[in-house]
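Biologist: I should like a close look at a single part of this protein. Please describe one helix, its surroundings and its place in the whole.

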Amino acid sequence: MEYARLTSPEVELLDKDGSVIVIPVAAIEQHGPHLSLKTDTVLAEAVARRAAEKATANVLVTPAFWAGCSNHHMDFPGSLSLQQETFVRTLSEIALCFVRHGFKKLFFLNGHGHNLSPLQLVARNVRDATDGSVIAATGNYWHFIPDDIRRIRESPMGGMAHAGEFETSAMLAEAPDQVQMDRAVTHMPKWKTPFFTMDFLASRPAYIAHHVSDFSPSGVFGAARLGTAQKGEQLLDAASSKIAAFLDDYAGWTLGTLYTLGEG
Ligand SMILES: [Zn+2]
């Protein structure tokens, strides 16, 4: 259900305990020469909409919050960014509006990697400002489906990062009019260290703050030219199905009863 299509009296009548508010959070930033600035926003909205349709819990999806933390893209024309402090404060204030109206479960569905750390701070602010009866969660939608990504991808590690095989495929499935495949380039740097790579499935023990222009002249990280609509549909279907399952589970959570005492 679309949250913003409801009327105020309809919100008042909702079962707040059994409802989950999903806030897609994304960005408007460069995605190489072939994908629109809106890519992350399109995909976060698509995953949220599809997940809400598949979930059995009462899921309310807000309009996407499109202003992300994209300072590392600012060397490329068109990119927009909030400072992290502004982002955390703004989304924390929005979250507390939902708390005031009685909602108990918030999920910030993230579509832009660099939003994740500040979104964790937003979730932390909600917990610290409430008595524990409200839960705020967040996650990158692709992190819900590592096995599906391994099964569907054709590229090796490094092929599915910013504007690479994943996002190009998903955009070909969801918004093909915002993809110019004749301009797609593949950029998979050969890293000189084992401690850093770029991929949706990368495990990086060391975080390195960087600007995209430090490592990519095109703004792309990955195998954009391997993008196909068929793989994109499979990826969006897998992500929305798994997130629907999460939302159904999450709708029943309460913090104090989310565990049992194990042995030992
Ligand atoms: Zn993106």
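Modeller: The description below begins with the whole chain and then turns to one helix. The model is predicted. The protein contains eight helices and six strands, and along the sequence these follow the pattern α-β-α-β-α-β-α-β-α-α-β-α-β-α. Its radius of gyration is 19 Å, close to the 18 Å that the globule rule gives for 264 residues, so the protein is as compact as a globular protein of that length. The C-alpha trace spans about 50 × 45 × 40 Å along its principal axes. Of the contacts between residues at least 6 apart in sequence, 80% join residues at least 24 apart.

The helix chosen is α6, which covers residues 165-174. Buried residues make up 44% of the 264 residues in the protein; in α6, 10 of 10 residues are buried. Among them are Phe166, Met171 and Leu172, but also the charged residues Glu165, Glu167 and Glu174. The elements that cover the buried residues of α6 include α2 (39-54), β6 (222-223) and α8 (229-250).

The packing against α2 can be described in detail. The axes of α2 and α6 come within 10 Å and cross at roughly 65 degrees; the two helices are therefore roughly perpendicular to each other. The crossing in which α2 passes α6 is left-handed. On the α2 side, the contact is made by Thr39, Val42, Leu43 and Ala46, and on the α6 side by Glu167, Ala170, Met171 and Glu174. By class, the residues of this contact comprise five nonpolar, one polar and two charged.

How values were computed:
Residues numbered from 1 in each chain as written. Predicted model: local features only at pLDDT ≥ 70, side-chain atom pairs only at ≥ 80, totals over all residues. Buried ≥ 20, exposed ≤ 12 C-beta atoms within 10 Å, placed from the backbone. Helix = DSSP H or I, 4+ residues; strand = E, 2+ residues; numbered from the N terminus. Contact = placed C-beta atoms within 7 Å. Axes fitted to C-alpha atoms, helices over the stretch in contact; angles between N-to-C directions. Parallel < 35°, antiparallel > 145°, perpendicular 65-115°, else oblique. Left-handed = near helix turned anticlockwise from the far one by under 90°. Rg over C-alpha atoms; globule rule 2.2 N^0.38 Å.
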